[in-house]
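Me: I have a model open and would like to go through the labels people put on it. Could you tell me what stands behind each one?
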Amino acid sequence: MVKEIRKNNRQLYQCEECGFFYSDRELAEKCQAWCKEHKSCNLDITKFAVVDK
Ligand SMILES: [Zn+2]
């Protein structure tokens, strides 16, 4: 299950395996499925990650 997080009025979804945030639930689920299976990140997925600090 991806984690749903509300931040600055935006709904974000977090991959629990690698900790990346996504604005799209589908992407977060894809990332998590990949991370679980491969124990590494897929750059084609993580390039869509939301980075805000
Ligand atoms: Zn991930």
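Reply: Gladly. Let me begin with a term for the sheet: two strands pair if DSSP finds at least two bridges between them. In this predicted model, Ile5 stands opposite Leu12 in β2, and Glu4 stands opposite Tyr13 in β2.

Me: What makes β1 and β2 a pair, and which way do they run?
Reply: Five bridges join β1 (residues 3–7) to β2 (residues 10–14), and at least two are needed, so the strands count as paired. They run antiparallel. The hairpin they form has two residues between the strands, and Asn8 takes a positive phi near 45° there.

Me: Why are β1 and β3 said to stand at the edges?
Reply: The sheet is open, with three strands in the order β1-β2-β3 and antiparallel pairing. Each of β1 and β3 (21–22) has a single partner strand, so one side of each has no neighbour in the sheet.

Me: On to the metal. How do you know which atoms are the protein donors of the zinc ion?
Reply: The SG atoms of Cys15, Cys18, Cys31 and Cys35 lie 2.3 Å from the zinc ion. The cut-off for a donor here is 2.8 Å, so these sulfur atoms qualify. Along the chain the donors follow the spacing C-x2-C-x12-C-x3-C.

Me: Why is the site of the zinc ion called tetrahedral?
Reply: The angles among its four donor atoms run from 101 to 116°. Four donors count as tetrahedral if all angles lie between 85 and 135 degrees, so the label fits this site. For reference, the ideal angle for four tetrahedral donors is 109.5 degrees.

Me: Where do Cys31 and Cys35 sit relative to each other?
Reply: Both are in helix α1 (residues 25–38), four residues apart, which is about one turn of the helix.

Me: What makes Cys31 and Cys35 count as buried or exposed?
Reply: Buried means under 20% relative accessible area. Cys31 has 1% and Cys35 has 4%, so both are buried.

Me: How many disulfides does a search of the whole structure find?
Reply: Zero. The test asks for a pair of cysteine sulfur atoms within 2.5 Å.

Me: Why does Arg10 get a label between the two extremes?
Reply: Arg10, found in strand β2, has 38% relative accessibility. Partly exposed covers what lies between the 20% and 50% limits, so Arg10 is partly exposed. The C-alpha atoms of Arg10 and Ser23 are separated by 7.9 Å, though these residues are 13 apart along the chain.

Me: Which residues make up the largest nonpolar core?
Reply: There are nine: Val2, Tyr13, Cys15, Tyr22, Ala28, Cys31, Cys35, Ile45 and Ala49. Helix α1 gives the most to this core, with three residues. Leaving aside neighbours within four places in sequence, Ala28 is in contact with Val2, Tyr13, Cys15 and Tyr22.

Me: And why is Thr46 counted as buried?
Reply: Thr46 lies in helix α2 (residues 43–46). The relative accessibility of Thr46 is 11%, and the limit is 20%, so Thr46 counts as buried. Outside its neighbours within four places in sequence, Thr46 is in contact with Phe20, Tyr22, Cys31 and Cys41.

How values were computed:
Residues are numbered from 1 along each chain as its sequence is written. This is a predicted model: local features need pLDDT of at least 70, side-chain atom pairs count only at pLDDT 80 or more; totals for chains, interfaces and linings use all residues. Side-chain values use heavy atoms; hydrogens and water are left out. Donors are N, O and S atoms within 2.8 Å of the metal (3.2 Å for Na, K and Ca); water is not among the atoms, so sites may look incomplete. Four donors count as tetrahedral if all angles lie between 85 and 135 degrees; four count as square planar and six as octahedral if opposite donors are over 155 degrees apart and all others between 65 and 115; anything else is irregular. Buried means under 20% relative accessible area, exposed over 50%, partly exposed in between (1.4 Å probe, protein chains only). A nonpolar core is a set of buried Ala, Val, Leu, Ile, Met, Phe, Trp, Tyr and Cys residues joined through side-chain atoms within 4.5 Å. Contact means heavy atoms within 4.5 Å.
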